[in-house]
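Welcome! Please look over the sequence and the 3D view below, and then we will walk through some of the details together.

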Amino acid sequence: MRNFLMTLVTLCLCMVVSCIKVETTSTSPTKYEGPQTVDALFETFKEKVGTNPEVDEKYPQVKWLQMLLEKGITIEHSRDYSRYMSIRRRLVRLENQPEEWVSGKLGIPSTDDWETYKSAYIDRKIWEYQQLKAAMQADPKVLDILFVGPDRKTIIPLYDKTVRVHRTRGSASFTGSMLSDQQRFDLLFKGKHPRGWKIIYVDKAGNILPEKPDPISPEDLGLPEDVPWPPKNQEHLDRIYNEVRHSKILEDNR
């Protein structure tokens, strides 16, 4: 019982702070004015992409470039090259995850055929990056974009101090500008938004929620209803867990 309770506490604490993600780019890309040919692009940017033997063996840069150019892609700067090349890394992992092919996630139709999924995934990621470029060109203040809705084709621009939050029962994922640990904690456990920030809540399907969800409750974390709530910070939450665990151990030893 002791080991089980300690494991439960650890899992709950990890869930609270998991999946923090930021998608922003601050460095200026290197502009490219050379010919749109495989040889020229490869010689210019091959060093801009980190070496990954597994990825390069499965999807060599030269062949990948040829595929992009055949699709009508234009490489305008180093960021273009890096983002288009980065699609390869995820494909290497996805090939061994057939559950993702049939999931219908990320705006990609469900299929049990890898080649069909791979083709759709590549086209989707190319489209997503093109939408990002268009949004940033239309408004230089845009840092990133979100894709929401059932088909993930509704676009929401992300600016400074804008965060998308996907809440589950006892955890959350954050996309956008980086909140501090305490800001995230206050948002999750107190429903308190940082002043001057725009918080967008979405459901599992990526649809925007009309109202913000209730703060995380003791029940969400498997704690008794009569514990001090809401906790002030992570340290306070840790103390609550320790007190509950200690009480439980004493009760089990009676």
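## A buried arginine and its partner

Is R184 buried or exposed? In this predicted model, R184 has a relative accessibility of 11%, so it counts as buried, because the cut-off for that word is under 20%. Its partner D181 sits on the other side of the scale: with a relative accessible area of 58%, D181 is exposed. The two side chains meet in a salt bridge, with 2.2 Å from N to O. Try finding both residues in helix α8, which covers residues 181-190. They are three residues apart there, which means that about one helical turn separates them.

## More salt bridges along the helices

Helix α8 holds another pair to look for. K190 and D186 form a salt bridge, and their closest N and O atoms are 3.2 Å apart. These two residues are four places apart in α8, about one turn of the helix. Here the acidic partner is the buried one: D186 has a relative accessible area of 11%, while K190 is partly exposed at 35%.

Now move to helix α7, residues 114-138, where K118 and E115 are three residues apart, or about one helical turn. A salt bridge joins K118 to E115, with 3.3 Å between the closest N and O atoms. K118 is buried, with a relative accessible area of 16%, whereas E115 is partly exposed at 46% relative accessibility.

How many salt bridges are there by this rule? The count comes to 15 salt bridges. Some of them join up: E76, D80 and K133 are linked in a salt-bridge network.

## R88, tucked into helix α5

Which backbone oxygen does the side chain of R88 reach? It reaches that of Y59, at 2.7 Å. R88 belongs to helix α5, residues 78-94, and its relative accessibility of 2% means that R88 counts as buried.

Who are the neighbours of R88? Setting aside residues up to four places away in sequence, R88 touches V49, V55, D56, Y59, P60, Q61 and W64. W64 is worth a second look in the 3D view. Leaving out its neighbours within four places in sequence, W64 is in contact with Y59, Y84, M85, I87, R88, L91 and I122.

## The nonpolar cores

In soluble globular proteins, nonpolar side chains tend to be buried together. In this model, the largest nonpolar core has 34 residues, and W64, Y84, I87 and L91 have the most contacts inside it. Which elements give two or more residues to this core? They are α2, α4, α5, α7 and β2. Of these, α7 gives the most, with eight residues. Apart from this core lies another one, of 19 residues, which includes F174, I216, L221 and Y241.

Helix α2, residues 38-45, lets you see how a helix can be covered by others. Its buried residues are V38, A40, L41 and F45. Among the elements that cover these buried residues are α4 (61-70) and α5.

## Unusual backbone spots

Most residues other than glycine have a negative phi, and most peptide bonds are trans. With that in mind, here are some places in the backbone to visit.

Where is L106? You will find it in the loop between α6 (98-101) and α7. L106 is not a glycine, yet its phi is positive, at about 60°. Its relative accessible area is 32%, so L106 is partly exposed.

R152 also has a positive phi, near 55°, and is likewise a residue other than glycine. Look for R152 in the loop between β2 (144-148) and β3 (154-158). With 18% relative accessibility, R152 counts as buried, because the limit is under 20%.

The last stop is a peptide bond. The bond from W229 to P230 is cis, with omega near 0°. P230 lies in the loop between β6 (198-202) and α9 (234-253).

Definitions and conventions. Residues are numbered from 1 along each chain as its sequence is written. This is a predicted model: local features need pLDDT of at least 70, side-chain atom pairs count only at pLDDT 80 or more; totals for chains, interfaces and linings use all residues. Side-chain values use heavy atoms; hydrogens and water are left out. A salt bridge is a side-chain nitrogen of Lys or Arg within 4 Å of a carboxyl oxygen of Asp or Glu. Buried means under 20% relative accessible area, exposed over 50%, partly exposed in between (1.4 Å probe, protein chains only). A polar contact is a pair of N or O atoms within 3.5 Å; within protein, one must be able to donate a hydrogen and the other to accept it, and residues adjacent in sequence count only if both atoms are side-chain atoms. Contact means heavy atoms within 4.5 Å. A nonpolar core is a set of buried Ala, Val, Leu, Ile, Met, Phe, Trp, Tyr and Cys residues joined through side-chain atoms within 4.5 Å.
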